[in-house]
Amino acid sequence: MTEQQTLGAPVEYAGKALHSGVPVFMRLLPAPADTGIIFRRIDLPGKPEIPATVEHIVSTNRNTTLGNGGAQVMTVEHLMAALRGMGIDNAVVELDAGEIPLGDGSAQIFVELVCKAGIIKQGVPRRYLRLKNPVWVSRNGSHMIAVPADELKITYTFVTDHPVVGTQFGEYSITADVFGRELAGARTLVFGKDIEFLRSQGLGRGGDLDCVVIVDDDGYRNSLRYRDEIVRHKILDVVGDMGLLGFLHAHIIAVRSGHELNKGLMQEILRQRVSEDGSADR
Ligand SMILES: [Zn+2]
């Protein structure tokens with residue numbers, strides 16, 4: 001049996017948020033078995049909690065935002081990727097603002113926080129969400145299919161006619177080792193021509209050259225951490241979004257998917273799921 005895991009101790013981090021640009025103080029706390037991941041807005045009256053589940057997604061516009069009542073938390077995907085990628089089932093994430101800090105634009109900071117906290121086993125079996133049949137979604141030329149598998153494996157094709165980025169392909173079986181080494185450090189891509197548009201929409205105010213990969217038609221503005229950093233980041237985003245399902249065992253094959261299609265696939269998986277480990281079919 002694989003046991004559920006939580007953090008060994010509380011850890012904290014202060015940083016700036018990507019989209020809202022505000023300073024954020026964040027604490028990651030251990031939580032009992034079967035808690036899941038819970039966000040807690042300590043700046044709001046009554047300290048409302050927002051469970052990290054598909055049902056609580058309220059926006060997928062360039063980030064994944066969760067909400068519960070009036071309380072929201074933006075840009076949960078990189079933290080969720082680090083928690084699930086490192087095998088954390090249960091944790092409480094306290095925040096004094098409505099967005100997760102950006103860190104360095106990847107999941108690296110959050111992986112380091114988890115390592116600093118330590119990981120402890122909780123003596124209760126983890127329940128994996130498994131598929132019996134393939135599940136797929138397609139919208140506007142973007143596609144995702146999830147097929148039954150005994151692990152979480154993600155195959156991603158990033159398709160663009162951009163002269164510098166090109167088409168990128170990646171495939172990883174997601175273990176803590178692979179996540180930490182191959183995916184956690186990959187940053188978000190922003191096309192140089194989109195920066196003004198994003199700012200006009202009130203998004204991306206906290207981003208700077210160190211936190212995102214910016215590409216223009218004649219080249220990257222900053223140096224890359226991986227030659228194929230873009231597709232690795234897209235896979236990181238899939239790990240984070242799928243983390244809202246808990247721990248999924250499936251092979252996900254994605255072409256040009258983003259947060260909205262990730263949500264669509266998760267909704268289809270929940271609709272069609274037929275069994276979970278440790279529980280009767282439902
Ligand atoms: Zn991302």
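In which sense do β3 and strand β9 (residues 91–95) pair, and over how many bridges? To find out, select both strands in your viewer, keeping in mind that what you have open is a predicted model. β3 and β9 pair in the antiparallel sense, over 5 bridges, and if you label Leu 29 you will find it standing opposite Val 92 in β9. In general, the strands of a sheet pair through backbone hydrogen bonds, in either a parallel or an antiparallel way.

**The five-stranded sheet**

Next, widen the selection to the open sheet that holds these strands, which has 5 strands in the order β2-β3-β9-β4-β5, with mixed pairing. Look at its two edges, where β2 and β5 (49–51) each have a single partner strand, so that one side of each is left without a neighbour in the sheet. Averaged over the sheet and with direction ignored, neighbouring strands are turned by 20 degrees against each other.

Now stay at the β2 edge and select strand β2 (residues 11–16) together with strand β3 (residues 23–30), which pair in the antiparallel sense over 6 bridges. Lys 16 stands opposite Pro 23 in β3, and the hairpin of β2 and β3 has 6 residues between the strands, with Gly 21 taking a positive phi near 75 degrees. Then add helix α2 (residues 108–117), which lies across β2 and β3 and runs at about 160 degrees to β2.

**Two domains and where they touch**

For the next stop, colour the protein by its domain assignment, which gives domain 1 (3–125) and domain 2 (128–276). The centres of the two domains, taken over C-alpha atoms, are separated by 19 Å, and 32 residues of domain 1 are in contact with 34 residues of domain 2. On the side of domain 1 that touches domain 2, the elements that give two or more residues are α1 and α2, and α1 gives the most, with 8 residues.

Select helix α1 (residues 77–85) along with α5, and look at how they pack: the angle is about 80 degrees and the axes are 7 Å apart. Angles of 65 to 115 degrees count as roughly perpendicular, and therefore α1 is described as roughly perpendicular to α5. Among the residues of α1 that take part in this meeting are Glu 77, His 78 and Arg 84, while those on the α5 side include Leu 236, Asp 237 and Val 239.

**The largest nonpolar core**

Which residues touch the most other members of the largest nonpolar core? Among its 71 residues, select Ala 82, Leu 83, Ala 91, Val 93, Val 114 and Val 239, for these are the ones that do. Helix α5 (residues 229–242) gives the most to this core, with 7 residues. Because domain 1 and domain 2 both give residues to the core, it lies between them. Centre the view on Val 114 and, leaving aside its neighbours within four places in sequence, you will find it in contact with Leu 7, Ala 82, Leu 83, Met 86, Ile 88 and Ile 119.

**A three-stranded sheet**

For the last stop, select the open sheet in which 3 strands follow the order β16-β17-β18, again with mixed pairing. Its edge strands are β16 (188–191) and β18 (219–220), each of which pairs on one side only. Strand β17 (residues 212–216) pairs with β18 in the antiparallel sense over 2 bridges, and Asp 216 stands opposite Gly 219 in β18.

Technical notes. Residues numbered from 1 in each chain as written. Predicted model: local features only at pLDDT ≥ 70, side-chain atom pairs only at ≥ 80, totals over all residues. Core = buried A, V, L, I, M, F, W, Y, C linked by C-beta atoms within 7 Å. Buried ≥ 20, exposed ≤ 12 C-beta atoms within 10 Å, placed from the backbone. Helix = DSSP H or I, 4+ residues; strand = E, 2+ residues; numbered from the N terminus. Domains from an automatic or database assignment. Contact = placed C-beta atoms within 7 Å. Pairing = 2+ DSSP bridges. Axes fitted to C-alpha atoms, helices over the stretch in contact; angles between N-to-C directions. Parallel < 35°, antiparallel > 145°, perpendicular 65-115°, else oblique.
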